[in-house]
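Okay, thanks everyone, let me get going. I'll put the sequence and the structure up, and then walk you through the parts I picked out.

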Amino acid sequence: MSHFFKVKSLEQVISLVSEFSVVGTEIVSVSEALSRVLAVDICAAHDLPGFRRSTMDGYAVCSASTFGASESTPAWLDVVGAVAMGGVPDFSVGPGEAGKIATGGMLPPGADSVVMVEHTELVEHISMVDDTGVVDYTSIVDDTAVVDHTSIVDGTAVVDHTSIVDDTAMVDHTSIVDDTAVVDHKKKPDHRENVQDSLAGRGSIEVYKSVAPLQNVIEKDEDFKKGEVVLHKGTVLRSQEAGLAAALGIFQLEVYRLPKVGIISTGDEIVPLSSPLTPGKVRDVNSHTLASLVKEAGAVPVMFGIVRDNQNELFDICKRAIEQTDMVLISGGSSVGSRDFTVDVLSSLDATEIMVHGISISPGKPTILAGSRSGENISGENHVKAVWGLPGHVVSAMVVFRVVVLPFLRNLRGITNCVFSGIKIPAKLTRNVASAQGRTDYIRVKLVREDGNNPGILAVPILGKSGLIRTMVMADGLLEVPENVEGIEKGDIVMVTPV
Ligand SMILES: Nc1nc2c(c(=O)[nH]1)N[C@H]1C(S)=C(S)[C@@H](COP(=O)(O)OP(=O)(O)OC[C@H]3O[C@@H](n4cnc5c(N)ncnc54)[C@H](O)[C@@H]3O)O[C@H]1N2
Ligand code: MOO
């Protein structure tokens with residue numbers, strides 16, 4: 001009622017954020033943690049990845065063995081073993097030697113780099129073929145799998161393989177290879193490849209390209225070092241943070257609980273969507289725009305419905321909303337008209353102090369911020385809660401939410417560490433925009449692509465009163481015209497906040 005605004009600047013209002021509390025915490029599984037806010041620092045319990053890994057298929061080598069290697073003067077290296085995936089190599093690599101390795105495999109001791117397989121050529125197998133035609137291979141496929149072939153190749157071409165490929169799979173080949181080519185393999189088809197692979201891994205290679213130390217290798221602590229703080233309190237968790245937690249074996253995280261935001265619409269003229277629209281009435285738009293904005297901001301809207309222009313009714317609902325939620329948004333009745341009760345009701349509530357009535361922004365000047373210390377909330381946490389009186393005009397309520405309420409809601413969620421909150425899109429303004437000195441203006445703009453040879457983005461101002469939802473529906477963003485600026489000229493590059 002008959003109060004006059006004591007207008008504060010936007011900066012003055014935003015600086016009050018620190019006077020409000022943050023919600024309590026809870027434990028959630030990593031799979032439920034997306035978009036939640038981390039409540040503690042997380043340290044790496046071990047080095048990541050924990051061992052030196054190859055990033056390529058090829059040969060683990062001492063890089064010095066390849067120095068000077070080229071197509072015309074290749075380096076010649078002996079292949080002394082093959083690394084099994086998921087295992088620990090049981091051989092080491094010295095100068096002039098190489099170990100066959102796949103992407104992700106552990107480098108054998110002595111190797112400091114990996115030559116890509118396409119930069120090598122296999123030139124020799126270790127095989128003893130003598131005059132009597134006895135071929136003897138002993139190939140180590142992995143640390144559990146010893147492949148032992150004893151093959152007698154003679155004029156009758158009897159080939160007898162007895163191979164243990166791994167600890168679960170006994171492979172027994174009895175193959176008579178003769179003119180009729182009777183071949184009996186009791187084995188999985190890929191075992192043959194493994195065996196051939198391992199045989200191919202033994203021998204010598206020519207290397208056509210040198211590698212530098214640590215080339216094609218991830219060091220044992222290259223991702224994160226043991227003891228390092230890998231995630232900071234106040235971080236909004238994204239898919240990559242879930243991946244990091246998984247990599248470190250963390251399956252539960254302490255996060256801030258989701259804040260509840262109470263939403264109240266006021267006004268004798270406002271009717272719910274379910275009611276018929278009789279003359280003089282308008283449907284409740286603000287409850288729905290604000291609930292959507294609250295969800296978009298990572299909180300939970302709690303609807304308290306529509307309150308008539310009645311001080312006692314508004315008092316009761318406000319009191320209940322403050323008790324049951326962490327922040328309250330009241331739209332309508334924030335101005336200085338005879339039916340604008342919000343500021344009086346908030347002043348009359350216990351332990352509630354009006355901190356702001358009027359902000360030098362347009363739209364949104366008649367905004368109220370009260371701080372309520374009225375005891376514990378339902379979760380037993382002691383809060384200074386923000387209670388907002390937002391202007392009733394549909395656009396004003398939305399703009400004030402984005403520009404003013406959002407920083408307080410981010411603080412309530414516990415966010416301290418997120419660069420995305422202020423991302424803006426550069427665009428070229430298509431017409432002059434005037435603005436009054438001494439207030440920050442928010443211009444709704446539509447973003448369109450420039451055509452022809454200009455790949456830029458144009459910002460087309462959407463003109464219209466702040467009671468018209470159409471202007472927000474048409475808009476893609478808000479353009480801020482600062483307090484000390486009189487206007488912006490057509491053709492200027494402006495920064496647009498997406499809405
Ligand atoms: N003498 C003055 N009058 C007004 C001033 C001023 O400085 N001096 N400021 C104007 C501005 S700017 C705004 S914004 C409004 C803010 O008024 P209130 O916050 O008191 O809001 P109401 O008067 O209740 O409603 C304004 C307008 O919005 C419609 N409305 C309200 N709630 C809803 C809803 N939930 N859904 C849809 N539409 C809603 C309401 O019907 C009115 O049309 O004050 C100006 N006056
Ligand atoms: O402040 Mo009103 O919100 O300009 O329309």
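So, where is the place of Val117? Before I answer, a reminder that what you're looking at is a predicted model. Val117 is in the loop between β7, residues 113-116, and β8, residues 120-124. Is it buried or exposed, or somewhere in between? It counts as partly exposed, because there are 16 C-beta neighbours inside 10 Å, and a residue needs 20 or more to be called buried and 12 or fewer to be called exposed. If you set aside the neighbours within four places in sequence, Val117 is in contact with Asp57 and Gly58. And for a sense of distance, take Leu237, 120 residues away along the chain: its C-alpha atom and that of Val117 are separated by 39 Å.

Okay, stepping back to the whole chain. We have 499 residues, and 37% of them are buried. There are 8 helices and 34 strands. Of the contacts with a separation of 6 or more, 70% are between residues 24 or more positions apart.

The domain assignment splits the chain into domain 1 at 10-24 plus 258-420, domain 2 at 26-49 plus 232-256, domain 3 at 53-124 plus 202-218, domain 4 at 128-190, and domain 5 at 423-498. Between domain 2 and domain 3, the C-alpha centres are 36 Å apart.

Now the sheet I'd like you to look at. It's an open one with 6 strands, ordered β22-β19-β23-β27-β26-β24, and the pairing is mixed. At the edges sit β22, residues 300-307, and β24, residues 352-357, each pairing on one side only. On average, neighbouring strands in this sheet are turned by 20° against each other, ignoring direction. Zooming in on one pair, β26 at 368-372 and β27 at 385-390 run antiparallel and are joined by 5 bridges. Gly371, for instance, has Ala386 in β27 as its bridge partner.

What about helices on that sheet? α7 packs on it, touching β23 and β27, and its direction makes about 180° with that of β27. Then there's α5, residues 311-324, which lies across β19, β22, β23, β26 and β27 and runs at about 170° to β22.

Let's get to the ligands. How many residues surround ligand 1? The count is 27, and the closest are Asn286, Gly332, Ser335, Pro391 and Gly392. Two elements give two or more residues to that shell: α4, at 286-296, and α7, at 394-413. By class, the shell has 15 polar, 8 nonpolar and 4 charged residues.

Ligand 2 has Ser362, Pro363, Gly364, Lys365, Pro366, Pro391, His393, Ser396 and Ser466 around it. That shell splits into 5 polar, 3 nonpolar and 1 charged. Hang on to Pro363 for a second, since the peptide bond between Ser362 and Pro363 is cis, with omega about -5°. Pro363 is in the loop between β25, residues 361-362, and β26. A cis bond also joins Leu48 and Pro49, with omega about 10°, and Pro49 lies in the loop between β2, at 42-43, and β3, at 53-54.

While we're on backbone geometry, two residues that aren't glycine have positive phi. Ser35 has phi near 70° and is found in the loop between β1, at 25-29, and β2. Asn216 has phi of about 65° and lies in the loop between β15, at 203-207, and β16, at 217-218. So which of the two labels, buried or exposed, does Ser35 get? Ser35 counts as exposed because it has 11 C-beta neighbours inside 10 Å, whereas Asn216 counts as buried because it has 22.

Last stop, β32, residues 477-481. This strand is mostly covered, with 5 of its 5 residues buried. Both faces are covered, in fact: Gly477, Leu479 and Val481 on one side, and Leu478 and Glu480 on the other. Strand β30, at 440-449, runs antiparallel to β32, with 5 bridges joining them, and Asp441 is partnered with Val481. β32 also pairs with β34, at 493-498, in the antiparallel sense over 3 bridges, and there Leu479 stands opposite Val496.

That's my tour, so I'm happy to take questions.

Methods. Residues numbered from 1 in each chain as written. Chains lettered and ligands numbered in written order. Predicted model: local features only at pLDDT ≥ 70, side-chain atom pairs only at ≥ 80, totals over all residues. Domains from an automatic or database assignment. Helix = DSSP H or I, 4+ residues; strand = E, 2+ residues; numbered from the N terminus. Pairing = 2+ DSSP bridges. Near = placed C-beta within 6 Å. Nonpolar A, V, L, I, M, F, W, Y, C, P; charged D, E, K, R; others polar. Contact = placed C-beta atoms within 7 Å. Axes fitted to C-alpha atoms, helices over the stretch in contact; angles between N-to-C directions.
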